[in-house]
Amino acid sequence: MITRPTIPGPDPDTKPPKFKVPEGAADCHFHIFGPETDYPYTEPRRYTPLQVLENDYRKMADVLGLEQGVVVQASPYGSDNARVLEAIRILGPGYVGVGVVDADASDERLDELSRLGIRGTRINSASGGRSGIERMGELAPKIKDFGWHMQFHIHAGQLPEYEEKIRKLPVDVVFDHMGLFPADMPITHPDFQMLLRLLERGDVWVKLSGAERISRSGAPYRDAIAVARALIDAAPERVVWGTDWPHTNVKPTIPNDGDLMDLLAEFAPDEQVRRKILVENPCALYKFGEGDAP
């Protein structure tokens, strides 16, 4: 049975960016959904997405000049990584994934996922329950052997509860969507300062995605600029960017991905810094092309 979508799809009329996008630019956060008959959604779930396939994604990415990318496991698929793996296969060289595995995963399974292009595991407590966060200390040593990182989709307000455990992890850590820090709060807030202190470790990364998620003023999401610039200033070599396509966070207006890329130019007005964010940093974190599935 096909389930009726509960959220809209992406804006199909992607605007071309107003700045010259560097060769090799990477989209470090997007999702693929469907067909539901082949890739059923988990129960319960917070939303049912509209079907969006690899060709739909490529149309958007081609307009923006994106040539590499990271398919991220979304909460409607739970811990079934089949859709992410298929997307990696279809999109081909230059594309890798972040899946979801639990602390009981065998070394054999982790090795298989690595060979198929998985680069990390996602801890999603912001939209998918606690989803492994309590056992991250057990899982981290296992994924370390495969060079994976641990990606956190958590609200900034959860950092005080988990900061000590995160600091002890023996793997690189990546925070989704600017740490989901609300843009209407001052960057002097203790939760944001905690995120900046974590960035000082040298193995903590942040995605400059989800401006529409943290914005409180709405499009064009200019209130997110101060948050993004503070993160870039703290660790310009450990920030990456992503579209978050097809934008599963429901807003009154679905953002246009061209507008979001233009916002990156305001996050990082310097062309060389943008190149680090779009090309150099993603290559360092995701190791595109190394060990990808044939």
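## Overall architecture

Among contacts in the chain between residues at least 6 apart in sequence, 77% join residues at least 24 apart. The model is predicted, and its chain contains 10 helices and 8 strands. Of the 294 residues in the chain, 57% are buried.

The radius of gyration of the chain is 18 Å, in agreement with the value near 19 Å that a compact globule of 294 residues would have. The C-alpha trace spans about 45 × 45 × 35 Å along its principal axes. About 12400 Å² of the chain is exposed, and carbon and sulfur atoms supply 51% of that area.

## Strand β3 and its neighbours

Strand β3 comprises residues 95-99, and 5 of the 5 are buried, so the strand is largely enclosed by the rest of the structure. In a regular strand, side chains alternate between the two faces of the sheet. Both faces of β3 are covered: Tyr95, Gly97 and Gly99 are buried on one side, and Val96 and Val98 are buried on the other.

Strand β2 (residues 68-72) runs parallel to β3 and is joined to it by 4 bridges. In this pairing, Val72 is positioned opposite Val98 of β3. The connection from β2 to β3 passes through helix α2 (residues 82-91), giving a right-handed β-α-β crossover.

β3 also pairs with strand β4 (residues 118-124), again in the parallel sense, over 3 bridges. Here Gly99 has Thr121 of β4 as its bridge partner. Together with helix α3 (residues 107-115), β3 and β4 form a right-handed β-α-β unit.

## Helix α5: a buried and an exposed side

Helix α5 covers residues 159-167, and its buried residues are Leu159, Tyr162, Glu163 and Ile166. These residues lie on the same side of α5 because they cover an arc of only 135° around the axis. Glu161 and Glu164, on the other side of the helix, are exposed. Glutamate thus occurs in both settings, with Glu163 buried and Glu161 and Glu164 exposed.

The packing partners of the buried α5 residues are two helices and two strands: α4 (136-144) and α6 (190-199), together with β5 (149-153) and β6 (173-175).

## Leu169, in the loop after α5

Leu169 is located in the loop between α5 and β6. Its relative accessibility is 5%, so Leu169 counts as buried. Apart from residues up to four places away in sequence, Leu169 touches Met136, Gly137, Ala140, Met150, Phe152 and Arg201.

A separation of 84 residues in sequence lies between Leu169 and Leu85, and their C-alpha atoms are 26 Å apart in space.

## Phe19, in the segment before β1

Phe19 belongs to the segment that precedes β1 (26-30). With a relative accessibility of 13%, under the 20% limit, Phe19 counts as buried. Once its neighbours within four places in sequence are set aside, the contacts of Phe19 are Met261, Asp262, Ala265, Arg274 and Leu278.

One of these contacts, Met261, is 242 residues from Phe19 in sequence, whereas the C-alpha to C-alpha distance between Phe19 and Met261 is 9.0 Å.

Terms used: Residues are numbered from 1 along each chain as its sequence is written. This is a predicted model: local features need pLDDT of at least 70, side-chain atom pairs count only at pLDDT 80 or more; totals for chains, interfaces and linings use all residues. Side-chain values use heavy atoms; hydrogens and water are left out. Buried means under 20% relative accessible area, exposed over 50%, partly exposed in between (1.4 Å probe, protein chains only). The arc is that of the directions from the helix axis to the C-beta atoms. Contact means heavy atoms within 4.5 Å. Two strands pair if DSSP finds at least two bridges between them. A crossover is right-handed if, with the strands pointing away from the viewer, the path from the first strand over the helix to the second runs clockwise. The radius of gyration is taken over C-alpha atoms; the globule rule is 2.2 Å times the number of residues to the power 0.38. Accessible areas come from the Shrake-Rupley method with a 1.4 Å probe; for residues, only the protein chains shown count as cover.
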